[in-house]
Amino acid sequence: MDVTVNNQSTCIEYDKLRPLGWLADGTKAENGRIISFPIIPQLNDAISYSDEIIENGYFYERELCSPVHIGNDIDWHSFKAHWDRLTVDKYMADGGTYRLRRYSTLFFESHGMAILKMPYMPLFKSSSYNSFAGDIFREFQETESSLFFNPYFLRLLNESLRVFIACENQCGRTKQKWFIEVDQYRITADKKQIGKPTPEGIHSDGTNYFSLMLVNREGISGGVSSLYDNDLNLKREVTLEYPGDVIMLDDASMMHGVTSLEPLEDHGVRDILHISFTNLLRPGSVNRRFGFGSADMLTI
């Protein structure tokens, strides 16, 4: 994959791009590390999830990725334990210490063969979409390598990619290069502070699509996900309650928010795997995702 800065861009714009690392410096896809060989849908594949997302803007399935035998499933316990090793998000504008996080980026090209783990880059969101921590480059510890090869992670990643590729295909956008972001969140709540899954309020992430999977929910009340269209009409309220509950969202046509968490006793947690998908070849996607404001900022 090559991403180059338009020759007409100013030096200031280029300086803004440089911290994005591999996405802006022309890094070749071959420099990534293979983590999966997904099964990709053909144009005529009938995938009900994608039909629902196109029609309603979202898809929700209880326990879509849940373990069958949660008590003695070694893979599940290994998967879940990754959230015990997250570090506190130091970019919380309210000074809260209730969010812990890790972050990494992946790449997949629709005519390629493998999903690739790419070199480190910081997280950047425009303030157009994130009034809470927008327009800054945020440095987080990377996802642990072992997570990428866990079957529960791979199931959500591959199923999401299949669905979102089908969505793009059905809308006539068959040329696809996917910038994929992996976010692990733990939101805590105790007697000293409530937990805020979306401290920025109702918002869009600035991506094309994303999937949310509940990993663990323990000792809390609240955490109700509300899904809205872009006119802020409420479409659905969902509480992710069981391990493996999944929401898939068309982020370009929908907005979302999550109510605060309060502890039922002394302490509670809500662990989420969040995977975002941006088709870099979809018109406007790069500028929407990074908020550069210039339609000619990047040439892909």
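**Cysteines, strands and a surface patch**

In this predicted model, the cysteine sulfur closest to that of Cys167 belongs to Cys171, and the distance of 6.8 Å is too far for a bond. A disulfide is a covalent bond between the sulfur atoms of two cysteines. The criterion applied here requires a pair of cysteine sulfur atoms within 2.5 Å, and by this rule the count of disulfides comes to zero. Cys167 is itself a buried residue, because its relative accessible area is 1%, and a residue is called buried when that value is under 20%. Cys65 is likewise classed as buried, with a relative accessible area of 1%.

From the cysteines we turn to the strands, beginning with S10. This strand covers residues 209–218, and eight of its ten residues are buried, so S10 is largely enclosed by the rest of the structure. Two pairings of S10 can be followed in the model. With strand S14 (residues 246–250), S10 runs antiparallel and is joined by five bridges. With strand S17 (residues 267–279), S10 also runs antiparallel, and here nine bridges join the two strands. Tyr209 offers a convenient point of reference for both pairings. In S14, the residue that stands opposite Tyr209 is Asp250; in S17, the residue opposite Tyr209 is Phe277.

Another set of strands makes up an open sheet. Three strands take part, in the order S13-S12-S15, and their pairing is antiparallel. The edges are formed by strand S13 (234–239) and strand S15 (254–258), each of which pairs on one side only. Neighbouring strands of this sheet are turned by 20 degrees against each other on average, when direction is ignored. Within the sheet, strand S12 (residues 224–229) and S15 run antiparallel and are joined by five bridges. Ser226 stands opposite Gly257 of S15.

The last feature to consider lies on the surface. Ile34, Phe37 and Met113 form a nonpolar patch there, and together these residues have about 370 Å² of accessible area. Ile34 belongs to strand S2, which spans residues 33–36. Is Ile34, as a member of this patch, buried, exposed or partly exposed? Its relative accessible area is 42%, so Ile34 is partly exposed: the value falls between the limit of under 20% for buried residues and that of over 50% for exposed ones. Membership of a patch requires over 30% relative accessible area, and the 42% of Ile34 is in keeping with that requirement.

Terms used:
Residues numbered from 1 in each chain as written. Predicted model: local features only at pLDDT ≥ 70, side-chain atom pairs only at ≥ 80, totals over all residues. Heavy atoms only, no water. Patch = residues over 30% accessible without salt bridge, like charges linked within 9 Å, V, L, I, M, F, W, Y side chains within 5 Å. Areas by Shrake-Rupley, 256 points an atom, 1.4 Å probe, with all protein chains shown as cover. Salt bridge = Lys/Arg side-chain N within 4 Å of Asp/Glu carboxyl O. Helix = DSSP H or I, 4+ residues; strand = E, 2+ residues; numbered from the N terminus. Buried < 20%, exposed > 50% of the residue type's maximum accessible area, 1.4 Å probe, protein only. Pairing = 2+ DSSP bridges. Axes fitted to C-alpha atoms, helices over the stretch in contact; angles between N-to-C directions.
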